[in-house]
Each structure stands twice: as C-alpha cells, then as structure tokens.
Amino acid sequence: MILKNYALPLLLLCLLTACQQPSGTSSDISQKIKEIPPLLDRPEKVWYGTEWADIQNRYVANRDQLIADPAHSEARIKLAEVFINEARITGEHGHYYPAALQMLDSVLAKDTNDKDLTFRALATKAGVLLSLHQFDQALQTGQAAVALNPYNAQIFGVLVDAHVELGQYEQAVQMADRMMTIRPDLRSYSRVSYLREIHGDVPGAMEAMEMAVRSGHPALEETAWAMLTLGELYERYGDPNKALAIYKEILQHRPNQPFALGAIGKFYLTEKKYEQAESLLQEAMDIIPEVGFYIDMATLYQQTGRQEEARQLTSEILVMLQDDLDSGHNMNLEMAGVYADFKQDFDTALQYLLDEYNVRPKNIDVNRRLAVLYNEMGDQAKAAAHAEAAAVTNSKHPELLELTRAISMK
C-alpha cells in the first residue's frame, strides 16, 4: 500500500550519474549517499511524460553535488524542493516532509552571511511546516523570512495561509493584499479566492479561482490543484455538474491524476452511484496512499452495508494517520473524523478536536467541526457557541448554515 521502493532503475541511475560521479572511495561515497534521504519511485501512472525523469535528474545532480561538497547549501535547498514536490504528487508525506526539513535545517544551522540562501531556506521550511499543520511554527518561520526579504510574493502566501489556519483573518487579508501587489499570479489569486469564501463572497471566490486557473499552465501540478479547488467550490455551493466537468478536464491535461480521480469518485459517492464511485476510488488508491481516498472508500462501504470491509479499512486508515503523526504531521481533524464517523466514538473524537481548538481557537473550520460534534452529542449550548464562532466571518459554508438552522429549531 505505502510506496517504499527506494531503488531508482539501475540503468537510468547510471546514465544520470555518468557525467558527474563524485570523487572519493566507493565506501565513502556509499556512506554519504546513505546520509541523504532517498527519492522514492513514483508509480508509473504519474510519471507524466518527461516530468519524472526530470525530477530524477534534479535529485541526482544535487545529491552528487552534496556528496562532493557537503557544505553546498544550494544543493540542500534544491533537494528540499524536490522532496516537497514529490510529497504533493505521491502522497508520501511521512518520508518526504521530514526529508525536506532535514535538508533545510542543515542549511539554517550554519553560520552564513548569505541572506538570500537563509531567506530561501526559511521560506521553504515555513511551507513544509504548513503542510505538516504546524501553523504557529510556520507563522514564526515565515515572519523570520519576511524580515530578510519583504519583496517576495511566495513568503506572503505562506503568511496568508498561517494566519488563516490560526483564525487571524484580518492579518491574512493584509498579507494577501501585499502578495497581490508584488505578484498577481496563480498562487495569489488562490489565496484571494479562499479569503473571499471565508468571508461569504462565494461568487467572488469562484471568480478569483478561475483567474488562478487561467494564469497557470494546464499541464502543471499547481494548475491541477487550482482546478481541483475550483471544482470543490462549485460542488460545495450547488453546481456539482460543473465541478465534475472540471475534474474530468484535469485528467485531460494530467492523465491518471489521482486527486482528480478521487474527486470524481467522491462525486459519484455523493450521487449514490456506488459502482462508479468504488471503481474510481480504488483506481486512485492504487496510485498513491492518500488517506482521503481511503476515508471515502470506507464511507462507501458503510453506505452499502459492507460493515466488515468498513471496519477493516478503518483500521488501515488509523495506521496511516498514525504514520503521519509519527513523522510530525498534525492529524487531529482527520483523527476526529474517523473516530466520529466510523467508530461512533464521540468522546475520542472530541478530545482530538479540543486538542486542535486549544492550539487555534479562532479558526472557523475547527469551531464548525466542534459545533457539529457537540450537536451529535446532544450538547446544544456548546454546539450553538461554536457555531456562532464559526460564523464570525460571515461564512456561507453549507454545513454551517444547515447546522445553524437545526440548532435554532431545537
């Protein structure tokens, strides 16, 4: 299930390294190679033409540079960028995010007068911390980076995300304005879209995400993510057929893109077209170990009365989430969802949500999840209090609106 094949094809590796074999004895080189996190094989379905070969080339070139010169900070940062890219595409978060942090921390641990290298290491590390859901640390690291370079759009994107996740929405808007001023592109428009949705401007959110999609190259992974997010917006706010068309368009540009396959599978699950949903979710699961696909499949098993399969898959999901936790990935919300939805263990789910709430009590999504759970547990007073906190930005999230109506009728 989990992709742990560390061996690149031998012939390809020989071709890649032939022109720049590191100097030193073979035993020295072997030991140095072991100290550098390996690149895992990608499933063949997500090679995407020459993209996978290009990634392998970049990995080997920078690995060999680092073997030849262990103090080469540029090579460490570029390896971290490779690892981050592969984490997003393959879902191997437990391997790649710690690997990226290892490279970046080794740069930041050195005394250097190169402000640009330090900035890049801090900015990249802040992005990894966001991916690990370590939002407070991501904010602190991002602020240290922006103190070195206040003219880089990427770092303001990191600050937008960190402020949003911590429930600091006014500051997030300010950072998004700075980002747009510096560079209005796919990443900037994506942040604007999310902030508009948070503040209840759903048409404006869709417009901004459409601009994000138009500003990206269709074949690139980041454009696929923008299209996926746009589709989710349409699906969430009442135009599922348009969402489905967008998911299918992703597959025209990036065949077998697992997140598009999973999104279509989830769409059919919502439509109760179980045979089509199961086929697509299984196809996505066979490509990468993304826990969201497994959760949707477990939901399908529940809805179709296959309780033993649901129970077995739930056990697998908990193992996957624990693997993420062990690698430093905060999975409180995901754990809460599994315990509430599949095990009906509301007390354990509540503890995970409260752990998250204690870290970021102003986040509207955390409050919405708490409101839903308290409502399920019959505690209307707490459900109402958290629903009110979740509505502070005028969010039009359908689950929140439905919950608010249900509470008001009791």
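Student: Where is the place of Lys 272, in a helix or in a loop?

Tutor: This is a predicted model. In it, Lys 272 sits in the loop between α14 and α15 (274-287). Its backbone deserves a look. Lys 272 has a positive phi of about 60° although it is not a glycine.

Student: Is Lys 272 buried or exposed?

Tutor: Exposed, with a relative accessible area of 54%. The cut-off for that word is over 50%.

Student: What is the phi of Gln 344?

Tutor: Positive, at about 55°, and Gln 344 is not a glycine either. Gln 344 belongs to the loop between α18 (332-341) and α19. Its relative accessibility is 52%, so Gln 344 counts as exposed.

Student: How do I read the packing of two helices?

Tutor: Two numbers do the job: the angle between the axes and the distance between them. Take helix α19 (residues 346-359) and helix α20 (residues 364-377). Their angle is about 155° and their axes are 10 Å apart. Angles over 145 degrees count as roughly antiparallel. Therefore α19 and α20 are roughly antiparallel to each other.

Student: Is the crossing of α19 and α20 left-handed or right-handed?

Tutor: Left-handed.

Student: Which residues of α19 and α20 meet?

Tutor: From α19, the list includes Phe 346, Leu 350, Leu 353, Leu 354 and Tyr 357. From α20, it includes Val 366, Leu 370, Leu 373, Tyr 374 and Met 377. Charged names appear too, among them Asp 347 and Glu 356 in α19, and Arg 369 and Glu 376 in α20. By class, this contact divides into 11 nonpolar residues, one polar and four charged.

Student: What helps me read the spacing in such lists?

Tutor: An α-helix has 3.6 residues a turn, so residues three or four places apart point the same way. Leu 350, Leu 353, Leu 354 and Tyr 357 in α19 are worth viewing with that in mind.

Student: How many residues of α18 are buried?

Tutor: Eight of its 10, making α18 mostly covered. They are Asn 332, Leu 333, Met 335, Ala 336, Gly 337, Val 338, Tyr 339 and Ala 340.

Student: What do the buried residues of α18 pack against?

Tutor: Four helices: α16 (291-303), α17 (307-326), α19 and α20. The pair we just discussed is among them.

Student: Which residues touch the most other members of the largest nonpolar core?

Tutor: Ile 264, Tyr 268, Phe 293, Tyr 294, Leu 313, Ile 317 and Leu 321. The core holds 74 residues. Helix α14 (residues 258-270) gives the largest share, eight residues. Apart from this core lies another, of 29 residues, including Trp 52, Ile 77, Ala 121 and Val 128.

Student: What does Tyr 268 touch, leaving out residues up to four places away in sequence?

Tutor: Leu 244, Lys 248, Lys 273, Gln 276, Ala 277 and Leu 280.

Student: Is Ser 190 buried or exposed?

Tutor: Buried, with a relative accessible area of 17%. The cut-off is under 20%. Ser 190 lies in helix α10 (residues 186-198). Beyond residues up to four places away in sequence, Ser 190 touches Met 209 and Ala 212.

Student: Where does Thr 50 lie?

Tutor: In the loop between α2 (26-34) and α3 (51-68). Thr 50 counts as exposed, at 55% relative accessibility.

Student: How far apart are Thr 50 and Ala 61 in space?

Tutor: They are 16 Å apart, C-alpha to C-alpha. In sequence, 11 residues separate them.

Notes
Residues numbered from 1 in each chain as written. Predicted model: local features only at pLDDT ≥ 70, side-chain atom pairs only at ≥ 80, totals over all residues. Heavy atoms only, no water. Axes fitted to C-alpha atoms, helices over the stretch in contact; angles between N-to-C directions. Helix = DSSP H or I, 4+ residues; strand = E, 2+ residues; numbered from the N terminus. Parallel < 35°, antiparallel > 145°, perpendicular 65-115°, else oblique. Left-handed = near helix turned anticlockwise from the far one by under 90°. Contact = heavy atoms within 4.5 Å. Nonpolar A, V, L, I, M, F, W, Y, C, P; charged D, E, K, R; others polar. Core = buried A, V, L, I, M, F, W, Y, C linked by side-chain atoms within 4.5 Å. Buried < 20%, exposed > 50% of the residue type's maximum accessible area, 1.4 Å probe, protein only.
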